[in-house]
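Please open the structure in your viewer and keep the selection panel at hand. The stops below move from a single side chain to a chain interface and then to a pair of domains.

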Protein chains: 2
Amino acid sequence: MRLKELGEFGLIDLIKKTLESKVIGDDTAPVEYCSKKLLLTTDVLNEGVHFLRSYIPEAVGWKAISVNVSDVIANGGLPKWALISLNLPEDLEVSYVERFYIGVKRACEFYKCEVVGGNISKSEKIGISVFLVGETERFVGRDGARLGDSVFVSGTLGDSRAGLELLLMEKEEYEPFELALIQRHLRPTARIDYVKHIQKYANASMDISDGLVADANHLAQRSGVKIEILSEKLPLSNELKMYCEKYGKNPIEYALFGGEDYQLLFTHPKERWNPFLDMTEIGRVEEGEGVFVDGKKVEPKGWKHF
Amino acid sequence: MRLKELGEFGLIDLIKKTLESKVIGDDTAPVEYCSKKLLLTTDVLNEGVHFLRSYIPEAVGWKAISVNVSDVIANGGLPKWALISLNLPEDLEVSYVERFYIGVKRACEFYKCEVVGGNISKSEKIGISVFLVGETERFVGRDGARLGDSVFVSGTLGDSRAGLELLLMEKEEYEPFELALIQRHLRPTARIDYVKHIQKYANASMDISDGLVADANHLAQRSGVKIEILSEKLPLSNELKMYCEKYGKNPIEYALFGGEDYQLLFTHPKERWNPFLDMTEIGRVEEGEGVFVDGKKVEPKGWKHF
């Protein structure tokens, strides 16, 4: 059998079984150390899969750090140290690498973490693996959602997917709202403003990278619950609405299935809603299984690798 | 300018400058935590660069862990947690990945560390990034060599290079000593038996991955000293001698310039020699710069990525 027949999640199950591991399955791997929890995570950006050579290198550097920081935040932690392992073609311009690291540095300053090392290797295409170590006093995983919890998301959903589509149109000129969406795809910001809230109040938490339904499905599965979402409550940006109006699309589709928003999906009692954060209650944790939107079961169709 | 013109070490300098970093330059990155030192490191095996698809997958898994553990040991630490980030072609056989992880598991059991997470991404060729966290009470880097120190290496040198050459001959049948050399290339063992010795006694230490002269040169440079090596003292295996006799090669060349032995290179006073380890005194730390073999300055010609 080949990987594409087994699929990404089948492969992950196989790896866990082979390693006889019980610890793999959250955005980060928590390890106990010194009466604290260190959070270890790695995420990859590969040219041709996650980004194109034509993207601004500073943005690629920013994003490489941000997507890893997002995982640490999702589990209630703050980032501390990063390593960057780069695969680089030998005919690549030196300035590309320099500009990539300028983006990395800006991100590290913003999130208050530090690149302490790395590795360089030769390859045909650019490949970026970031390893990040964070820490937290309380680990919040995917498996803690409780019956009766409200389900919340940070920010707005679907923008990144619209931004990607706009980018791939390769238009000569873009309208300001279009540029804003493209920006959200190229230069996502991990929600570091949520760390204290997640750490203190969330029962379950993860970041939304594959798409809301796909990720809510992971959370529901791990927690052994059903997640009910009301589509009218989904937070949509004005830019996404303008995009959908202009191109005849349905913004709800983008919010439900668009990936790479790097917003947070978390559950806790309704009364823990915090007016100082841009969080929106989008549904409820109930008895059962799967993800339901407006009372109808919805299958995930987010990004899959195989 | 392109990467191949700048070269690997020029690129590393550029990255350090861009990040305004002072901490990059040892086998691992030491970070203070809880009055201990955590050691962070990452090393990569790329198909076509570091290994071929035809290699035994279990051996590739073993090696991926071993080369990272070797870095941690070189700095006086023990490995604790690993993440593995895999780039995989979608038409790869599932059994390949399973066998790879069997090798990973064996290595982790041997070195007493644990894979706690990872990432999978699609790509054209297999790429393996391992991220390892170790810990030590005392970090031993490249910069501590003292005048008058003796220079030691563990084990024997040059075997891996000979093993690689034999492998690339693709012979129908190999003699037993040839298989032993191939084994040393495919399945190197990080010298975990040296951890206490390095941690307790070494003034400077690193592992030999690029080749003795190339790596001794890094150590000399960072310590601001000259390293004098006597070629007659270089530890050579019987298998390497048999190989060189059979194929008309000079074993000293292999010991000086062959890479990927993953033995240790370290310095400390002569009287700290430990008879219970297979360590050999190969030279002295003296005033000056560069690496001298039998009194003659030798330029490094180890593996370079660009």
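Which residues does Lys105(B) touch, not counting residues up to four places away in sequence? Select Lys105(B) and display its surroundings: Lys105(B) touches Thr18(A), Leu19(A) and Glu20(A), where contact means heavy atoms within 4.5 Å.

Before going further, note that this is a predicted model, in which local features need pLDDT of at least 70 and side-chain atom pairs count only at pLDDT 80 or more, whereas totals for chains, interfaces and linings use all residues. Residues are numbered from 1 along each chain as its sequence is written, chains are lettered from A and ligands numbered from 1 in the order in which they are written, and side-chain values use heavy atoms, with hydrogens and water left out.

**Stop 1: the lysine and its partner**

Staying with Lys105(B), colour helix α4 of chain B, residues 94–111, in which this lysine is found; helices here are DSSP runs of H or I with at least four residues, strands are runs of E with at least two, and both are numbered from the N terminus. Lys105(B) counts as buried because its relative accessibility is 18%, the class being set at under 20% relative accessible area, with exposed over 50% and partly exposed in between (1.4 Å probe, protein chains only). Now add the side chain of Glu20(A), which meets that of Lys105(B) in a salt bridge at 3.0 Å, N to O; the term requires a side-chain nitrogen of Lys or Arg within 4 Å of a carboxyl oxygen of Asp or Glu.

**Stop 2: the interface of chains A and B**

Widen the selection to both chains, where the count of salt bridges between chain A and chain B is 6. In contact across this interface are 66 residues of chain A and 68 residues of chain B. The two chains bury about 6,100 Å² between them, 68% of it on carbon and sulfur atoms, buried area being the accessible area (1.4 Å probe) that two parts lose on being put together, summed over both. Pick out Tyr33(A), Val94(A) and Ile120(A), which in chain A lose the most area to chain B, together 11% of what that side buries.

**Stop 3: the two domains of chain A**

Hide chain B and colour chain A by its domain assignment, which gives domain 1 (3–136) and domain 2 (150–297), with bounds that come from an automatic or database domain assignment. The C-alpha centres of these two domains of chain A lie 22 Å apart, and their contact takes 24 residues from domain 1 and 22 residues from domain 2. Between them an area of about 2,000 Å² is buried, of which carbon and sulfur atoms give 60%. Show Tyr55(A), Lys63(A) and Ile73(A), the residues of domain 1 that lose the most area to domain 2 of chain A, together 27% of what that side buries.

Next, measure from Lys63(A) to Glu260(A), whose side chains meet in a salt bridge (3.1 Å, N to O); the count between the two domains of chain A is 2 salt bridges. Finish on α3 (57–74), which with β3 and α4 of chain A is listed as supplying at least two residues each of the side of domain 1 that touches domain 2. With 10 residues, α3(A) gives the most to that side of domain 1 of chain A.
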